[in-house]
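Reader: I'd love a close look at one part of this model. Could you walk me through the open three-stranded sheet and the pair of helices that comes with it in your notes?

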Amino acid sequence: MGRHTKILVKYMVKLEVKSDKTENRVLVFTPVRVYLLTAKVPTRVSLEATACFMVFIVFCDTMRATIRDDETWLPVTKNVSYFTPLQIDCHFHYLDIQSIESRKPTHFTITTNDKSYSFSTIGDAGSFTSNADVILTDLSSAIKQIFPTVPLRYIIRKIDVNPIERTSIFSDELRPSDPRNVGPCGGFSMQYACMCDLHAVQYREEVAWDIDTIYLSHDARVLNLRDFDHLEQKDLMAIVAALEYNTFFRGLKASHTRLSTETLERVLQVLRRSLWLEELHLEALGLK
């Protein structure tokens, strides 16, 4: 969680740490990641001190965040003169989520690539708290902001919610895509930013500008990697990965461009998973 991370929403929950034990956590949704924060002993901090130490994460009207190492600070009252210090317990990317399960409105489980997190909601305690349906709806909405034209069940392969009427949480009818809000080229820039975070590479404004401006103005539906061959291989990997859930582009082209083994593997992975890519042009890549 870096400096000026945008906070979408936060909830106080109980995390199951053992079969018979739970601990309080703050569940935070950001544009591309989920964070679990552990509360410490509440501390009173004056507004003057907060202004001097821009090292606290303070949730305000702009919903922006500033970090001090691994600590986070949240106001527990509306006058923002009381703060609860929080430490980052763990975090994971939205695309790490493999399944979501919820058997009743007070419990839900999120399973990632390597771990399951089982949560129960807390009784009415102010804006930090809500039932599982509201929390999962917010999770669904956060993911839809990145992939507005793709059904959530295609991104998260297993969604098991009971009773059956609660499945409306993830219904696409409740998640309409207004074409005016999707963004240029099917929301490519946001998807590219998402993949930059996933692959731990720098987001490059010039890539987003080229796609949003040049490709859009020419209605170019085939992304040509030669347009970006001045970038490093890790940058190309993020660009390729952004096509996985993009519904604007119909093809990918790479000619007279060097591709690393890792980038080529990502190309093939995207081609296998994408339901929208119809063309792949590979020529003179210097492969051995």
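Author: Happy to; here is a walk through the sheet, then the helix pair, then a few spots elsewhere in the chain. This is a predicted model, in which local features need pLDDT of at least 70, side-chain atom pairs count only at pLDDT 80 or more, and totals for chains, interfaces and linings use all residues. Residues are numbered from 1 along each chain as its sequence is written, and side-chain values use heavy atoms, with hydrogens and water left out.

Let's start with the sheet. It is open, has three strands in the order S11-S12-S13, and its pairing is parallel. Strands here are DSSP runs (E, at least two residues), helices are DSSP runs too (H or I, at least four residues), and both are numbered from the N terminus. Two strands count as paired if DSSP finds at least two bridges between them. Strand S11 (222-224) and strand S13 (279-283) each have a single partner strand, so one side of each is left without a neighbour in the sheet. From one strand to the next, the twist averages 15°. Strand S12 (residues 251-255) runs parallel to S13, and five bridges join the two. For a place to look, find Leu-252, which stands opposite Leu-280 in S13.

Now to the helices. Helix H7 (residues 233-241) and helix H8 (residues 261-273) have axes that come within 9 Å and cross at roughly 0°. Axes are lines fitted to C-alpha atoms, for helices over the stretch in contact, and angles run from 0 to 180 degrees between N-to-C directions. That crossing makes H7 roughly parallel to H8, a label given to angles under 35 degrees. On the H7 side, the contact (heavy atoms within 4.5 Å) involves Gln-233, Leu-236, Met-237, Val-240 and Ala-241, which meet Glu-262, Thr-263, Arg-266, Val-267 and Val-270 in H8. Sorted by type, the residues of this contact are six nonpolar, two polar and two charged. Nonpolar covers Ala, Val, Leu, Ile, Met, Phe, Trp, Tyr, Cys and Pro; charged covers Asp, Glu, Lys and Arg; the others, Gly among them, are polar.

For antiparallel pairing, turn to strand S1 (residues 9-18) and strand S2 (residues 21-29), joined by nine bridges. S1 and S2 form a hairpin with two residues between them, and Glu-16 stands opposite Thr-22 in S2. S1 also pairs in the antiparallel sense with strand S9 (residues 116-121), over three bridges.

How values were computed
Angles under 35 degrees count as roughly parallel, over 145 as roughly antiparallel, 65 to 115 as roughly perpendicular and the rest as oblique.
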